[in-house]
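The following exercises guide a new reader through a structure. Each task is followed by a solution worked in steps.

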Amino acid sequence: MWGTATSSFQIEGSNNIDGKIRSIWDEFCDTPDKVKNFDNAKIACDHYNRFSQDFDFLDELGVGCYRFSISWPRIVLADLKSKNQKGLDFYSKMVDDLLSRNIEPFLTLNHWDIPQIFLEKGGWTNRECIKHFLDYSEIVSNELGDRVKYWVTHNEPWVISNCGYKDGIHAPGEQDIYKSLLVNHNLLVSHGQAVSIIRNNSKDSQVGIVLNLTPGMPASSSDADKQASKLFNQFFNEWFLDPLYGKSYPSDVANDWIKKGLIPSIDFVKDGDYDIISVPTDFLGINYYSRGIIRSEEISEEENLPIEIVAGDKTDFEWEVYPNGLRDLLIDVDQKYSPGSIYITENGCAYDYPKVDGVINDKRRVHYLESHIMACKEAVDKGVSLDGYMHWSLMDNFEWAEGYCKRFGLIGVDFETLERTPKESFWRYKELIKSL
Ligand code: FCB
């Protein structure tokens, strides 16, 4: 399946209507010095009012699926239990519109914009709060389960826990490594518990989780860099993959944090948790943007070997363009974890190109798209069960703490007029979809 991906908060706007309650990202945007240029998503792409016109672009592209997310604050009332029918109706209309075009809705329940009230009750740091996520999963799957056949519980738990609770650059902006691990654990437990709820309400559906995976490679052949890279991979990738696929959390990195006094222990893991987390799923969603070139911090630059890796071009986010990383990652994950079916649920790049004579000629995105799709093809040729590719993103949108200055869209959006302009990458993707 070919597709494109978006998320509710980043495109919808209309943050205050039809009974929507406040989300932690509304709060974060209203707090000074959190989001670049003090940007907010009150209007964003105004997708809430224009979804059908936006879906005309999906028709034009010829995609078979569309990944989007549900805004939890639109779905529940302030008790986090009763449903807000207007919010459900919005997504129901959206799903019907997609299906009328023969486009499979690929639905994500949690793409970060959780209710502020949920946070005030402790949110992901409070294990008791998992029940609210399960109530929400029940409501949505009950309403849409007859029509939606692809379900994602959480998008990128690493980003939720690390950017939100360790580095403090995303909502809710905390900086506490122990809390970030706790959040992560509760996310994984809630994933495991939500799977059966979704399956119950949506027969013959496929359920999975989406991870952002970034393979780390040692900057030099020094032992220190190799060790740093090993810990990076455990922290970034295996911390999720291992428990989801039947193992425990990787011990080297946990012991390293304990040794450094960063956390006392991982005492939040209770008996039976690993069984809950490793519930069999139907697919693994992978978001791939780049690799990490890992240098040990424990050895000074002078003592260490020079960096031996030549990094490729960088996008506006300073993320290196490294398509082979995607191919190798797919092969590696398939061999080590056998997830059965894999989808690339996000892959894309931030580049800003001006519109000249009506055309946005985003050459470097065209190259990124072609090279990463070829990397997927190479992985498929090597036997990886990759069942779909979704490009991030359908259109330029609100890029979280970066506001509107990072542009990932196949379609350009003028945030003054809200005019949409398909970029050259859009037309190239259309050709690729047709030819592959
Ligand atoms: C991912 C997010 C997505 C978008 C891209 C650029 O981490 O899932 O919402 O911000 O990065």
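**Exercise 1.** Determine how many disulfides the count comes to in this predicted model.

*Solution.* The criterion is that two cysteine sulfur atoms lie within 2.5 Å of each other. By this rule, the count is zero disulfides.

Consider cysteine 163 as an example. The nearest cysteine sulfur to that of cysteine 163 belongs to cysteine 29 and is 15 Å away, and cysteine 163 is in no disulfide. Cysteine 376 is likewise in no disulfide, its nearest cysteine sulfur being that of cysteine 65, 13 Å away.

**Exercise 2.** Decide whether cysteine 163 and cysteine 376 count as buried or exposed.

*Solution.* A residue is called buried under 20% relative accessible area. Cysteine 163 has a relative accessibility of 9%, and therefore counts as buried. Cysteine 376 has a relative accessibility of 6%, so cysteine 376 also counts as buried.

**Exercise 3.** Identify the residues that surround the ligand and sort them by character.

*Solution.* The surrounding residues are Gln10, His111, Trp112, Asn155, Glu156, Tyr289, Glu346, Trp392, Glu399, Trp400 and Phe408. Sorting this shell gives five nonpolar, three polar and three charged residues.

**Exercise 4.** Find the distances from oxygen atoms of the ligand to polar side-chain atoms of glutamine 10, histidine 111 and glutamate 346.

*Solution.* Take each residue in turn. In glutamine 10, a side-chain N or O atom is 2.7 Å from an oxygen atom of the ligand. For histidine 111, the distance from a polar side-chain atom to a ligand oxygen is 2.8 Å. In glutamate 346, a side-chain N or O atom is 2.9 Å from an oxygen atom of the ligand.

The next step concerns cover. On its own, the ligand has 290 Å² of accessible area, of which the protein covers 95%.

**Exercise 5.** Which pocket does the ligand take up?

*Solution.* The space taken by the ligand is the largest pocket.

Conventions: Residues numbered from 1 in each chain as written. Predicted model: local features only at pLDDT ≥ 70, side-chain atom pairs only at ≥ 80, totals over all residues. Heavy atoms only, no water. Near = heavy atom within 4 Å. Polar contact = N/O pair within 3.5 Å; in protein donor to acceptor, adjacent residues only side chain to side chain. Areas by Shrake-Rupley, 256 points an atom, 1.4 Å probe, with all protein chains shown as cover. 1 Å grid on protein atoms, 1.4 Å probe; cavity = no way out; pocket = protein on both sides within 12 Å on 5 of 7 lines; lining within 4 Å. Sits in = over half its atoms within 2 Å of the grid points. Nonpolar A, V, L, I, M, F, W, Y, C, P; charged D, E, K, R; others polar. Buried < 20%, exposed > 50% of the residue type's maximum accessible area, 1.4 Å probe, protein only.
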